[in-house]
Structure formats: structure tokens, C-alpha cells
Amino acid sequence: MATARNFSGGREEDSYYADEVEEKTTTASRRKVGKTMSSSMELELESVEKIFEAKEVPPWQKQLTFRAFVVSLILGVLFTFIVMKLNLTTGIIPSLNVSAGLLGFFFVKTWTKLLQKSGMLKQPFTRQENTVIQTCVVATSGIAFSGGFGSYLFGMSDTVAKQSKEANSAQNIKEPSLGWMIGFLFVVSFLGLFSVVPLRKIMVVDFKLTYPSGTATAHLINSFHTPQGAKLAKKQVRALGKFLSFSFLWGFFQWFFTAGDGCGFVNYPTFGLQAYEHKFFFDFSTIYVGVGMICPYLVNISLLVGAIISWGLMWPLINNQKGNWYSADLPPSSLSGLQGYRIFIAIAMILGDGLYNFIKVFSRTIHGLYNQFYRKDPSITTVLPVAGGGSNSTSSTTTTLPPPLTYDEQRRTELFLKDQIPIWIAVGGYISIAIVSAILVPHIFHQLSWYHIVAIYIVAPVLAFCNAYGTGLTDWSLASTYGKLAIFTIGAWVGASHGGVLAGLAACGVIMNIVSTASDLMQDFKTGYMTLASPRSMFISQVIGTAMGCVIAPCVFWLFYKAFDDLGQPGSEYPAPYALVFRNMSVLGVEGFSALPKNCLMLCCIFFFAAMLINGLRDLVGPRWSKFIPLPMAMAIPFYLGGYFAIDMCVGSLILFVWGKVDKEKADAFGPAVASGLICGDGIWTLPSSILALVGVKPPICMKFLSRGVNTRVDAFLKKN
């Protein structure tokens, strides 16, 4: 969720993990734009703007074209399905910027070519229009993450609440409904946009923040619109189309063998039935093979290490304590049994990782601001820490004489400051939406009062600024971390007897939407700055994309919710793991540690501090050795889910690694396109499969795998009957 919003080393430098996959869902992944980006960076050194000097920059009104928003709508629906499926399966969401950029370029180029042949083309396709499409698509699909359909919002449902005996009373449950979900998203998703608009010049021009994901996207778009880059983009689109078709047809083929529970290729016991029972198998999922090709090797290896530690070692050992540590009569899904250890230890690692990185990024933010505002000599400029520089490069600042502005910087700054967004629009918009939200949100969630919402909105601009500034420094969005803080603070404020669990989850949604959209908008401003797109067109595109997402994302989730009866159930096709994680965080915040099974608190403390220690060690040894140390956040995800998707992702890494050894140039150029095709094809298949399930069409075959002993008993039973 950018996006991931984003796991990412790109929102994320070294992390891409599930719920932070928008949180940490995408630095290195967003940077993997292949040869196109590297070649465009070479052009950058030669002055990109001189290459485009002969091309007139259209006014901001002409950058917002009808065709741009039609393409954005189509791609927004596609990527919302992809993000939603990832949300409801593992929560790991890679950057989809490359896919959005390639497909946006392809669709509009095709559109303009047809119009040109018919003599009806009135306006050529520009990089500014390409940037508008990119911004709108990412804003639309981003709501599928920040909307909490795989985390806090679905965690309110009775389906998730039934999986634990704590705090599952009616006042702590709210069933999903299309009406209130759309209404809630509309009143909370726009505040973040208005909160940081007045700071765009400070962030982009004065502080010169890097925003690596926005910068990488700009390089990608600029390269598309050079003659050499356009040729490569066409080849990349063809590769994407081939693997999209393959992935879609493979999903269709697999559907025929899934007539019952545990049927199909997704349950293939690749390493034997014993390993299958411990969640170690390859499930032939093209979407996660593609995700593995995009995510850095370290993320995929960390996932596999986490699966081995948990499902290979810890859970079998704890299971041996059945009857001692917990009752042997408990159902497998009970949080008072083995399932409780899985969930709460994973939560402990997530919180430990989140707290460490919150302190690290927040301290860097304060340090950078101090040097900006309190430097003694105004003729001296502060070199801020930037992403990817390692702990040593980011732990200190130096002062140097400001270099003279290049032609590109002069040109970009001139146009970036040309179309001002009046501050009264930002302030008036924030206050107006805040008032409406303070009135309507308590009507949606009766557990919250107006003063809870007002308190959130008083501190929200500060949090939005910190997140946007921190993202500019490190490319790391802490949206999920701020949301978790809201869970504990608001939940405890409301109290257990007044529906504190539901109140904490709702407050998490309010904060996550504000800080996530704020950092996304600043990333888009950086992209617009480097492609000469007007800030006004960027802002309007973000607003329109957010509005589309507020409708599309709930509708897509509603389709999943109605089509799949076992949605959110452990072991199902769509277990929505982070819904249960977020709900249990809220339970902990309201009821304390009484909800934990025996010895679970001790294990949680061990893994909480272990996550902080591992992160500290990674920063201490520097980038040279930290690439050999697993990421705690990534390790935590398979603690609950198992290792099957980690194996898929490692297969993706292996494919890319071997391809790079055979032909590095082609792997760099086409790897992201192939991965995007695998992801998009599987995502598109989700729509017809959901419709088939909704209308009651069942697959004709069940392909199941049995042990020799079970198969003998089944044969004997069938012969008797």
C-alpha cells in the first residue's frame, strides 16, 4: 500500500512488509525501474530539460485531460483489485509504479496514435499528462491500502472478532457495509492532502528533500518521452503483455481444479505432506513470484528465515506443550492456544520494529529541521541525510557552500513556483473537512465522540508533516506506525466498557489516511517538479484519484466479501491476516496483557527487544554488512501465515538472479515489466473468479493430495459403498 504505498526500502529502504508495505512497501522495489531509469539518470546528468527545451509545457488546465482520467480510472480499478488481493492474502504490497507508468504510457500512446491516424488528434501526449495519470492511479489504488480493508477496517467485523473470545461484544463489532465504508473514507481521506499543501515549496525547493520514490518515478516518465526511452518502453509493454496473458490464463486453468476445500495447485505438497502441514510448499502463485522479482533479495530471504524459525522450530516446540501451556481441547483458531502465540509474537516483532524505526526516522527529522532553521550562517546550506546512504551517512549532517543552480533546477523551480495553490484553499479545506468529519465520524462509529476526532485533527497536521518530511529523507512512510499509536491511545481513552476496541481501530483509520495521503502527495509534488507538471494539476489529480479510490476500493472489497464466504478465516484463500493482527493490537491496548496465553508475554518481550536489537545491529554495521542481516518486520509476517508465499517470492528472486547472471542488461531492462505482468494477470483473473463465485458457478474438478494410508482408507470406503 505505495503505495505502498508502501515495505519498502522505497517507502522503505529496507523493508517491504505487509502492513507497512505502505509503510515500508517500496524503496528498493520502487527503484527497480530497470535500464529505463538508469539510462534516464544518465540523461539527467546531461540536462533533461535541454532535451525537452523545444517542447512547450502545456498550462495546468491542459495537463488534466479527459483521456488521462479515463485511463486512470481503468488502471485504478485494475490496481485496486491487485492491492486488495494482496491485502487479503498476505498484506505484502510491492510498488506498482512501474506497472502504472508502463500501462499509462501504453494506453494513451495507443489512444493518440489512433486519433492521429484519423486526423482527430488535438493535443499530443506529454510527460506532464503521463505524470497526472501516474499520480491519479497511485492515489486511487492507495486507498485500497490506507482504507484498511485488510487490516483495521475488516478487523471490526464479526468474522474476525469471532476468532478470539476477548472483546467480541456487539459494541466492539461493526459489520462491513458499502454505505458507511464509502462515507467514512470520503470524510477522512482528504485531510492529509490539505495539511501539507502549504509546505510544498519548503519541502521540495528549499529543503531539497530527495523523495527517492518520486524521483525514480520522474526519471521513468522522463525516459519514456525521449526517442530512445520510448522504444524501450514499447518493448517493455510487450513483455508485460505476454506475461500478463500467461498469468491470467494460468489462473483460469488452476480454477478448474478447486472444487472443494484444500483442492487445486495452491495446495500442492511440493516438499512432502509433512512439510505441507507446516506451511512449506510452493503454491504456483504467479502474483507472488512477480512480487518476489520486485522486492529486494533481503526481504524475500527474511521472510523465509522467519518461516523457518516459526513454523519449522517454534510452533512444533510450543505445540508439544499442549495441555501444559494451554488447554488441549481448544480449537485451532483459539487465541488462547497455539494461534495466540502466532499472533501475539508477530505483533510484538511488528511493534518492536515499528518503534525502533519511528524513533530513528523521527530523530532524523528533528535533527534535519534543527539544522535547517537554526544554522548560524544563512550562506551555508545543510546537507540533509538521504535514503540509501547507510547509518553512517544519515547520522550526521555537514555544511558546504550551496552549489550553483543547474539549468534543470532553474527551469523546474521556475515552473514549480509559477502555479501557486492559495493558502486559504489549504487552510479552509482542512478546517471545513475537519468540521464535517467531527460531526459525521461519531455517527458512523458511536464509540467515538466529537472531541476524540477534534483531538486527532489537532495533532494530525504535525504527524502528517513529520511523515512527509521523514519520507523525503528516508523514503520510509510510517503511516501504519502512527495508526498503531492511535489504536493504543484512543482505545485506552475510550475504555473497554465503552467499545474501546472498535474506537481504537476507527482512530487508526483516521490517522493512517491522513499521514499516508500527505506523504504520497509530497512524493507526487517531487515527481511533478522533475517532469515540469504543475503543482495544481498534481493536487487536482491526487484529489480526483483519492475520490475515485473512496468509491472503487469499497466496491472491490464488497465484491470479495460477498463472493467468498470464508473471507478472513484462517487457512482460507483470503485469510486477511492483518485484520486479526490489528484487532488484537486494539484488544491489548484496551484490556492489557490478560488476553495473552501462558508464557506468551515472556516470548513477546523477547521478540520485541530482539526486533529492536536486530535493527540496531543493522544500522551499527553499516550498509556493507546489513544486507546479510534479516529484516525483523519481514520475518514477522510468516509467523502467522506460514512460509508458502515466502517460497513463491524466493522463486521470483531466483528467476531474477539467474536471469541477471545470463543476461544482466535484459534482466535490468525487462525484469520489472515481467514481474508486473505476472502480478497484473493474476490480479485481473480475480475479477472473473469473484463474479463466478458470486453467481454460484463451481469448478468441475477437485485435485487433492493424500498420504498413502489415507488414500487406502478412502479406496476401501468407496469400494464398500
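**Entry 1. Overall make-up**

I began with burial: of the 721 residues in the protein, 61% are buried. The model I am reading is a predicted one. I then looked up the exposed area, which comes to about 27900 Å², with 66% of it supplied by carbon and sulfur atoms. For secondary structure I noted 31 helices and two strands.

**Entry 2. Salt bridges**

How many salt bridges does the structure hold? I noted eight.

I looked up Lys 85 and Asp 682, whose side chains meet in a salt bridge at 2.3 Å, N to O. This pair links distant parts of the chain, with Lys 85 in helix 5 (residues 66-89) and Asp 682 in helix 30 (residues 664-694), 597 residues apart. Are the two partners buried or exposed? Lys 85 has 11% relative accessibility, so I count it as buried. Asp 682 has 6% and therefore also goes down as buried, the cut-off for that class being under 20% relative accessible area.

I went on to Lys 360 and Asp 619, which form a salt bridge with the closest N and O atoms 3.2 Å apart. Here too the pair links distant parts of the chain: Lys 360 belongs to helix 17 (residues 338-373) and Asp 619 to helix 26 (residues 600-621), 259 residues apart. I entered Lys 360 as buried because its relative accessible area is 16%. Asp 619 is buried as well, at 19%.

I also checked for bridges with shared partners, and found that they join Glu 49, Arg 127 and Arg 412 into one network.

Next I looked up Asp 206 and Lys 201, whose side chains meet in a salt bridge at 3.0 Å, N to O. Asp 206 shows 38% relative accessibility and so counts as partly exposed. Lys 201 is at 35%, which puts it in the partly exposed class too.

**Entry 3. A charged patch**

Which residues form a negative surface patch? I wrote down Asp 261, Asp 565, Asp 566 and Glu 573. I followed up Asp 261, which sits in the loop between helix 13 (227-255) and helix 14 (273-277). Its relative accessible area is 66%, so Asp 261 is exposed; the class requires over 50%.

**Entry 4. Aromatic rings**

I counted 45 aromatic pairs in the structure.

For Tyr 297 and Phe 657, the ring centres are 6.3 Å apart and the planes stand at 80 degrees, so I recorded the pair as edge-to-face. Tyr 297 is in helix 16 (residues 297-319) and Phe 657 in helix 29 (residues 644-662), which means that the pair ties together parts 360 residues apart in sequence. I have Tyr 297 as partly exposed because its relative accessibility is 40%. Phe 657 is partly exposed too, with a relative accessible area of 42%.

Why did I record Tyr 326 and Tyr 341 as tilted? Their ring centres lie 6.1 Å apart and their planes are at 50 degrees, whereas an edge-to-face pair needs planes over 60 degrees apart and a stacked pair needs them under 30. Tyr 326 lies in the loop between helix 16 and helix 17, and Tyr 341 lies in helix 17, so this pair ties together parts that are 15 residues apart in sequence. I noted Tyr 326 as buried at 8% relative accessible area. Tyr 341 is buried at 0%.

I then looked for an aromatic cluster and found one formed by Trp 250, Phe 253, Phe 257, Phe 265, Tyr 268, Phe 282, Phe 284 and Phe 705.

**Entry 5. Backbone angles**

I looked up positive phi values in residues other than glycine. Lys 279 has a phi of about 70 degrees although it is not a glycine. I located Lys 279 in the loop between helix 14 and helix 15 (286-294). Lys 279 counts as partly exposed because its relative accessibility is 26%.

Where is Asn 599 found? I placed it in the loop between helix 25 (577-591) and helix 26. Its phi is near 65 degrees, again a positive value in a residue other than glycine. With a relative accessible area of 29%, Asn 599 is partly exposed.

Technical notes
Residues numbered from 1 in each chain as written. Heavy atoms only, no water. Salt bridge = Lys/Arg side-chain N within 4 Å of Asp/Glu carboxyl O. Helix = DSSP H or I, 4+ residues; strand = E, 2+ residues; numbered from the N terminus. Buried < 20%, exposed > 50% of the residue type's maximum accessible area, 1.4 Å probe, protein only. Patch = residues over 30% accessible without salt bridge, like charges linked within 9 Å, V, L, I, M, F, W, Y side chains within 5 Å. Areas by Shrake-Rupley, 256 points an atom, 1.4 Å probe, with all protein chains shown as cover. Lys, Arg positive; Asp, Glu negative; His and termini not counted. Charge placed at Lys NZ, Arg CZ, Asp CG, Glu CD. Phe/Tyr/Trp six-rings, centres within 6.5 Å; stacked < 30°, edge-to-face > 60°.
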